[in-house]
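I wanted to look up the enclosed spaces in this structure and to note, for each that I followed up, what lines it.

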Amino acid sequence: MACSLQTSFLHGLQFYAETALMDKRIRGNGLVSVVCSAEGDHMTAGRSTALVMSPRPKTPLETTTTTRKVPITTSNTGKFGRFGGKYVPETLITCLSQLESEFNMVLHDTQFQAELATALRDYVGRETPLYFAQRLTDHYKNKGGGVGPEIYLKREDLNHGGSHKINNAIAQAMIAKRMGRTTIVAATGAGQHGVATAAACAKLSLKCTILMGTLDMERQPSNVTLMNLLGAQVKGVNGNFKDASSEAMREWVGNLETSYLLTGTAVGPHPCPSMVREFQSVIGKETRRQAMERWGGKPDVLLACVGTGSNALGLFHEFIADEDVRLMGVEAAGFGLHTGKHSATLAKGDVGVYHGAMTYLLQDDQGQIVGPHSIGVGMEYPGVSPELSFLKETGRLEVCTATDQEALHAYQRLCRLEGIFPAMEASHALGFLDKLCPTLPDGAKVVVNCSGRGDKDAPAVFSLTQGSTLPDLLSHTKGIL
């Protein structure tokens, strides 16, 4: 994201103060009433805009679940029911509007689309296989007395860089270069988006700065090494992914004229979530075509882990209008939902505003953000995609959870039955199969998005399987998990 501003540094300083004020008031003891645009899709907090405090309700914002027919969410307006929008300082509205305009142009630019298709084919390695997991299927059929679903894996782990993140990273890096930007800024959690962004920048001759939480750097050292080898400057930020995300935005605002904030998660102010979803939607488009080729129909169930939602929306979006296809998102239940140590934002969160958009959040009774937990580093974020929030609220998305232990067992199971080591994030989706498979009819087609490769998690898994307990490992062992 970028725009040409003559006084970018001063605007950056203003942004720090405004963002701190907005975060405190929106998530603190009161809600903020603000002046909105005519379209109602952004909130301004510039020098001339008054912020009016109103008492926070004693109960969280009310949520509703209905069974009404869900409209096809193919528009790029940034609003999904009451979710999404641009809750940012006035100084950033011009930047975001310019990015939105550029995004809408490239969607209809045949030359850009041809170049992107070539990059996805020759550099990323698309299309990825829709792999029939025969032994995993047999495992669940044996447990079900010979009856059970057929399980297929969408092998995003085979992409260049080892995850689905490169689909979006290469596209946005191309947009940045098209806009004349020379420096890319990005935040990463597990490091998969960081590796993808660093690779895309190396290919396109762009400078790259990656912000990563120091806790995450200790838990995913192999990806830190890869980012450095790819030429990126990796900066540690005290904390984890949410802290790195805030710092990445500050870094970008400090140099709006030449830098571009390359977001890898389906969160943040519009158009960021729509861009990520659009460039990840290749996953679902391929899945539809491959399913037709394999068995002459659609999947019955789509299953994906949900951290912020990039890989889930990538698989789901193509099928939103197909109401005979179940969309199931699996969040991280951590040590258990009852413990409070989890990242189950959709399952346990309340509606609020964070990092520029309205969505479900993990927050306490005072509106303060609650720190998330998961064995899957890439799932530790207190918010979630506005579009997934909308799909949950309308009843289109089925929200499920898997604990750390269930994800760990699923990682081991796929290694031993199929010779595939999934990312710990994707292992949450695989971990839910234990509960899902007994409920499905024989021969039902289940597609699981294997969103990333799990070599980054192998040391932690090995340590845990050699006798270390999960709480002990999380508390005392650094550099492994």
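Entry one, secondary structure around the main void. I am working with a predicted model, and I began with the elements that contribute to the lining of the largest cavity: strand 9 (183-188), helix 6 (192-204), helix 9 (241-253) and helix 12 (310-316) each supply at least two residues. Helix 9 gives the most, with four residues.

Entry two, volume and centre. I noted a volume of about 500 Å³ for the largest cavity, and I counted 38 residues in its lining. Which residues lie nearest its centre? I found Lys165, Phe241, Gly264, Thr265 and Thr308 there.

Entry three, chemical character. When I sorted the lining of the largest cavity by class, I obtained 16 nonpolar and 20 polar residues, together with two charged ones.

Entry four, the wider search. I then went over the whole structure, where the search returns five cavities of 30 Å³ or more, and I took up the second largest, for which the volume is about 40 Å³.

Entry five, the second lining. The residues I listed around the second largest cavity are Val267, Gly268, Tyr354, His355, Ala357, Thr359, Leu361, Tyr381, Gly383 and Val384. Which element provides the largest share of this lining? I recorded strand 16 (residues 357-361), which contributes three residues to the second largest cavity. By class, I entered six nonpolar and four polar residues for the lining of the second largest cavity, with no charged residues, whereas two charged residues appear in the lining of the largest cavity.

Methods. Residues numbered from 1 in each chain as written. Predicted model: local features only at pLDDT ≥ 70, side-chain atom pairs only at ≥ 80, totals over all residues. Heavy atoms only, no water. 1 Å grid on protein atoms, 1.4 Å probe; cavity = no way out; pocket = protein on both sides within 12 Å on 5 of 7 lines; lining within 4 Å. Points joined across faces, edges and corners; volume = space filled by probe spheres on them. Nonpolar A, V, L, I, M, F, W, Y, C, P; charged D, E, K, R; others polar.
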